[in-house]
Structures are given as structure tokens and as C-alpha cells.
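Here is a short note to help you find your way around this structure. Have a look at it first, then read the points below.

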Amino acid sequence: MKDSKLIALSAVATALSVAIMVLGAFVDIFEYSALFCASLCTMLPLAKKSVKGGVLTGLATAVLCAIFTVAIKPAMVVFYALFFGLHPTVNYIIREKKFNRIIGAILKAVWFVGALLLVYTFFSSFLTEGTILEREDVKKYVYLILTVGGALLFILYDLLMTRFQKFVDMTVARLNL
């Protein structure tokens with residue numbers, strides 16, 4: 001019985017994530033908040049201490065979003081897959097498996113900055129359209145700017161995601177899901 005409840009919770013989390021991502025793809029004002037909210041849905045199986053549920057929810061959401069939204073907003077799928085989909089699971093594993101926090105933070109920061117540089121390298125032609133990153137004087141130092149800025153942004157991002165995982169854990173426990 002316990003496994004069936006976890007499977008159902010993971011399926012509901014996936015369905016909510018996909019619905020939120022599709023809404024974000026079609027309504028421009030919700031684009032970035034949809035990524036964050038879909039990430040919160042990915043945290044639901046993790047609140048029940050299921051790494052497999054968290055990974056499968058993140059992967060299923062990424063695949064289904066690729067099917068439904070890649071033609072409209074391909075960047076959303078890439079951002080979800082690289083930044084928002086697996087990050088809660090990685091945070092959970094580092095926290096629960098008593099992994100060295102400093103080494104874990106460094107590995108996550110390298111992953112975050114590496115993913116940021118990867119996204120810029122492959123998608124800069126349409127992601128930087130109309131931004132300061134198109135200027136020639138900025139292009140000369142763009143990798144340094146993204147590396148330093150990404151590392152600083154990661155600190156805030158990681159703190160927020162950890163805080164929200166604790167909130168989701170408390171909410172799931174309170175609701176007795």
C-alpha cells in the first residue's frame with residue numbers, strides 16, 4: 001500500500017509540474033515562475049524520502065514538457081532539465097546521505113555554472129536577443145561574467161531551494177500525504 005501511495009504522489013507531482021510548465025509556455029508572464037513552481041512539485045516525492053520518485057518526477061516532467069512545449073519555448077525545457085528538475089533531488093541526497101556539505105556545495109556550484117555556460121554557448125543566439133549580452137564589449141568578458149555572476153546567483157538559488165524543500169517537507173507531513 002505504501003508504494004502505491006508514493007507512486008500516486010509522484011504521478012500527481014508530475015501532472016502538476018507539466019500543467020504548470022505548459023501554462024508558463026503559453027502565458028509569457030508565468031514563464032519563470034512556472035519553472036520554480038514545477039520544481040516545487042518535484043519536491044513532493046522527496047518529502048516522502050523517495051529519491052527514485054524525485055528523479056522520475058523530474059525526468060518525466062522534462063520529457064513531457066519537451067513533447068508539449070518545445071515548439072513554443074524550448075528554453076523552458078532546457079532550463080527545467082538543467083537547473084530546476086534535478087536540483088531538488090541532488091540537494092536531498094547531499095542532505096540525507098550526510099555528504100560533506102562543503103564539497104557538495106562546490107559540486108553543485110560547478111554544475112550550476114557549467115550548465116549556465118552550456119546554455120549560453122548553445123542558445124545565446126536567441127536567449128541574449130535584446131539584452132546587454134549582445135554588446136561587443138560585454139561579449140569579450142561574457143564567460144567571466146557568467147562564471148562569477150552564476151556562482152553568486154547559485155548561492156541565493158541554493159538557499160531558496162533548500163528553504164522551500166523544508167517548507168514542502170513540513171507541508172506534506174502536516175497534510176499526512
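**Notes on the fold**

1. Read from start to end, the protein chain follows the pattern α-α-α-α-α-α-α-α. That makes eight helices and zero strands, where helices (H or I, at least four residues) and strands (E, at least two) are DSSP runs numbered from the N terminus.

2. A word on the basis: this is a predicted model, in which local features need pLDDT of at least 70, side-chain atom pairs count only at pLDDT 80 or more, and totals for chains, interfaces and linings use all residues. Residues are numbered from 1 along each chain as its sequence is written, and side-chain values use heavy atoms, with hydrogens and water left out.

3. The C-alpha trace of the protein chain spans about 60 × 40 × 20 Å along its principal axes. Of its 177 residues, 39% count as buried (under 20% relative accessible area, 1.4 Å probe, protein chains only).

4. Now to one helix pair: α3 (residues 51–69) and α4 (residues 74–84) pack at about 175°, with axes 9 Å apart. Axes are lines fitted to C-alpha atoms, for helices over the stretch in contact, and angles run from 0 to 180 degrees between N-to-C directions. α3 and α4 are therefore roughly antiparallel (over 145 degrees).

5. Which residues in α3 meet α4? They are T57, G58, T61, A62, C65, A66 and T69, facing P74, V77, Y80 and A81 in α4; contact means heavy atoms within 4.5 Å.

Terms used
Angles under 35 degrees count as roughly parallel, over 145 as roughly antiparallel, 65 to 115 as roughly perpendicular and the rest as oblique. Buried means under 20% relative accessible area, exposed over 50%, partly exposed in between (1.4 Å probe, protein chains only).
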